[in-house]
Amino acid sequence: MQDSKNFDPKILIALDFADEQQAKALIAKLDPASCRLKVGKEMFTLFGPDFVRSLVQQGFDVFLDLKFHDIPNTVAKAVSAAAELGVWMVNVHASGGSRMMQAAREALLPYGDKAPLLIAVTVLTSMTGEELHQTGVQRSPAEQVLALARLTREAGLDGVVCSAQEASLLKTELGPDFKLVTPGIRPAGSDAGDQRRIMTPEQALAAGSDYLVIGRPITQAADPAAVLAQINLSLVAS
Ligand SMILES: O=c1ccn([C@@H]2O[C@H](COP(=O)(O)O)[C@@H](O)[C@H]2O)c(=O)[nH]1
């Protein structure tokens, strides 16, 4: 068992369910002291802000992963709406640019120490170098992640979403306090699915990830709570 008083959960479980009851059945087996929860585009579109509020009311730290990408005014208002939900973390796309990210940050100032952490997506963990080039970006994924992470830090945000493969580079270049949230985590032997820039939980932590986003390897397991406990233990031991 974890010491729940001192344990800062590193794992953010990606709740990507089309069925709210299935999600609730999983959540009922989870302890807010051993994981945080991520609500993304699928569940937010299906079940809306009430679903997010219910998780917050149950004591979970919630990462609202809606990856806002729009003009500065629209993103600022969306981020403010997320803060009203009481979420722990919210994100925008770094490729929306500096002015957009600054507008998002300024929108959170009225919330003081109750403001959610604000981070920016760099290069999706599903993307290979070739796919990145197809979008017109000639840099490698690592170069593009670093460039967008620098822009994000200069805009005053708290961190980025990147793959764990870039974590060591970003910690070296941007310092220990800039948060790295890394999806594309796959325990050894599990199916990569659509993810491409992947690492195991232990490798990701060693590389410098602050938070590991894990969806299907936990949510699709026969016993999700047992898989979560096993990964948490492996992180403490590593
Ligand atoms: O670059 C990114 C940004 C966000 N995600 C999200 O994380 C989870 C990953 O789920 P898995 O089932 O573990 O693949 C999912 O909600 C994505 O939308 C990402 O994968 N990569």
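Author: Two strands count as paired when DSSP finds at least two bridges between them. The model discussed here is predicted.

Reader: Which residue of β2 stands opposite L15?
Author: Start with the strands. β1 (residues 11-15) and β2 (residues 36-39) pair in the parallel sense, over 4 bridges. Opposite L15, in β2, stands V39.

Reader: Which residue of β8 is the bridge partner of I13?
Author: β1 also pairs with β8 (residues 211-214). The sense is parallel, over 3 bridges. The partner of I13 in β8 is I214.

Reader: How many residues of β1 are buried?
Author: Take the two ways the residues point. I11, I13 and L15 point one way from β1, and they are buried. L12 and A14 point the other way, and they are buried too. The strand is mostly covered, and the count of buried residues is 5 of 5.

Reader: Which helix joins β1 and β2 in a β-α-β unit?
Author: The two strands run parallel. Together with a helix they make a right-handed β-α-β unit. That helix, residues 20-27, is α1.

Reader: Which residue of β8 does T182 stand opposite?
Author: β7 (residues 179-182) and β8 run parallel, joined by 2 bridges. From β8, Y211 and V213 point one way, and L212 and I214 the other way; all are buried. The residue of β8 opposite T182 is L212.

Reader: Which helix makes a β-α-β unit with β7 and β8?
Author: Again the strands run parallel. The unit is right-handed. Its helix, residues 201-207, is α8.

Reader: How far apart are the end C-alpha atoms of α6?
Author: Helix α6 covers residues 141-154, which is 14 residues. The expected span is 1.5 Å times one less than the number of residues. That gives 20 Å, and the model agrees: the end C-alpha atoms are apart by 20 Å.

Reader: Is T152 buried or exposed?
Author: T152 is found in α6. A residue is buried if 20 or more other C-beta atoms lie within 10 Å of its own. T152 has 26 such neighbours inside 10 Å, so T152 counts as buried.

Reader: Which residues does T152 touch, leaving out those up to four places away in sequence?
Author: T152 is one of the buried residues of α6, along with P141, Q144, V145, L146, L148, A149 and R153. What covers these buried residues includes α4, β5, α5, β6 and α7. The residues T152 touches are A94, M101, A120, L157 and V160.

Reader: What distance separates the C-alpha atoms of T152 and F68?
Author: Along the chain, T152 and F68 are 84 residues apart. In space, the separation of their C-alpha atoms is 14 Å.

Reader: Which residue just after α6 takes a positive phi?
Author: Look just past the end of the helix, residues 141-154. Phi there is about 90°. The residue is G156.

Reader: What is phi of K67?
Author: K67 lies in strand β3 (residues 62-68). It is partly exposed, with 16 other C-beta atoms within 10 Å. Most residues other than glycine have a negative phi. K67 has a positive value, near 45°.

Reader: How many residues of the shell around the ligand are charged?
Author: The ligand is surrounded by 15 residues. The closest are A14, T125, P183, G215 and R216. The shell holds 7 nonpolar and 6 polar residues, and the number of charged ones is 2.

Note on methods
Residues numbered from 1 in each chain as written. Predicted model: local features only at pLDDT ≥ 70, side-chain atom pairs only at ≥ 80, totals over all residues. Buried ≥ 20, exposed ≤ 12 C-beta atoms within 10 Å, placed from the backbone. Contact = placed C-beta atoms within 7 Å. Near = placed C-beta within 6 Å. Nonpolar A, V, L, I, M, F, W, Y, C, P; charged D, E, K, R; others polar. Right-handed = clockwise from strand over helix to strand, strands pointing away.
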